[in-house]
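Me: Could you take a close look at one part of this model for me? I would like to follow a single buried spot and see what surrounds it.

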Amino acid sequence: NLSPHDVAFAIIAAGMVVAAIGVVTTNNVMHAALFLVMVMAGSAAQYLLLAAEFVAWVQVIVYIGAVVILFLFGIMVTRAPMRATASQTNSQRWMGAITALGLFGLFSAIVVDFVERTRFVPGDAGTTQAISSELFTDFIVPFELISLLLLGALVGAIALARKD
């Protein structure tokens, strides 16, 4: 007994899975970035299905509109080769596949447990007021830790990009 909401969720999720596989399997870095745009757009669509309009538009504006564009500019400015120049696989690909399957099983178990214990009711969970209230009261420390993590990633990227 699937509702139209469930069918739309499944279709979008299937598209996101296909695009995510495209991100990691394509040899062209520009195609990988465009597949990433498709994954993030699907994520925004899922947020819309969950009645979290604010989060959906933040996803579009910040991630698709800024981060992916930054990736594309970085690719073009650094004149990185568009295609892989060497083999992208090595002898540890089977260990990576086993690890990926293990993580998939773990995350699936967590999601199934969560879904069994809770029932989502669309409401005001995605409003700006509800999000800001939660973010700046209960989640202020994780919010600040993420900003430090992003700062560290930025400093590391600059250190790796320097030639001297």
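Reply: Ser43 is a good place to start: its relative accessibility is 16%, under the 20% limit, so Ser43 counts as buried. This serine lies in helix α2. If you set aside residues up to four places away in sequence, Ser43 touches Met16 and Gln59. Please keep in mind throughout that this is a predicted model.

Let's follow the second of those partners. Gln59 has its place in helix α3, and with a relative accessibility of 9% this glutamine also falls under the 20% limit, so Gln59 counts as buried. What does Gln59 contact beyond its neighbours within four places in sequence? The list holds Met40, Ser43, Ala44, Tyr47 and Ile64. One of these partners deserves a second look, since a polar atom of the Gln59 side chain lies 3.4 Å from the backbone oxygen of Met40. That distance is within the 3.5 Å used for a polar contact.

Met40 and Ile64, both in contact with Gln59, lead us on to the nonpolar core. The largest nonpolar core has 5 residues: Ala33, Met40, Ile64, Val68 and Leu72. Helices α2 (29-49) and α3 (53-77) each supply at least two of them, and α3 gives the largest share, with 3 residues. Within this group, Ala33 touches Val68 and Leu72, again leaving out residues up to four places away in sequence.

Now for the link between these two helices. Ala51 is found in the loop between α2 and α3, and its backbone is worth checking on your screen. Phi of Ala51 is near 65°, a positive value in a residue other than glycine. Most residues other than glycine have a negative phi.

Helix α1 comes into the picture as well. Ala20 sits in this helix, which spans residues 4-25. Is Ala20 buried, exposed or partly exposed? With a relative accessible area of 33%, between the 20% and 50% limits, Ala20 is partly exposed. Ala20 and Val39 are 19 residues apart in sequence, and their C-alpha atoms are 6.2 Å apart in space.

For contrast, you could turn to the surface further along the chain. A nonpolar patch there is formed by Phe136, Ile140, Val141, Phe143, Leu145, Leu148, Leu151, Leu154, Val155 and Ile158, with about 950 Å² of accessible area together. Leu154, one of its members, is found in helix α6, residues 140-161.

Finally, here is the setting for all of this. The chain has 6 helices and 0 strands, giving the pattern α-α-α-α-α-α along the sequence. Of its 164 residues, 13% are buried, and you have now met two of them in Ser43 and Gln59. The accessible surface comes to about 12600 Å², with 73% of it belonging to carbon and sulfur atoms. As for contacts between residues at least 6 apart in sequence, 61% join residues at least 24 apart.

Methods
Residues are numbered from 1 along each chain as its sequence is written. This is a predicted model: local features need pLDDT of at least 70, side-chain atom pairs count only at pLDDT 80 or more; totals for chains, interfaces and linings use all residues. Side-chain values use heavy atoms; hydrogens and water are left out. Patches are made of residues with over 30% relative accessible area and no salt bridge: like charges are joined within 9 Å, nonpolar side chains (Val, Leu, Ile, Met, Phe, Trp, Tyr) within 5 Å. Accessible areas come from the Shrake-Rupley method with a 1.4 Å probe; for residues, only the protein chains shown count as cover. A salt bridge is a side-chain nitrogen of Lys or Arg within 4 Å of a carboxyl oxygen of Asp or Glu. Helices (H or I, at least four residues) and strands (E, at least two) are DSSP runs, numbered from the N terminus. A nonpolar core is a set of buried Ala, Val, Leu, Ile, Met, Phe, Trp, Tyr and Cys residues joined through side-chain atoms within 4.5 Å. Buried means under 20% relative accessible area, exposed over 50%, partly exposed in between (1.4 Å probe, protein chains only). Contact means heavy atoms within 4.5 Å. A polar contact is a pair of N or O atoms within 3.5 Å; within protein, one must be able to donate a hydrogen and the other to accept it, and residues adjacent in sequence count only if both atoms are side-chain atoms.
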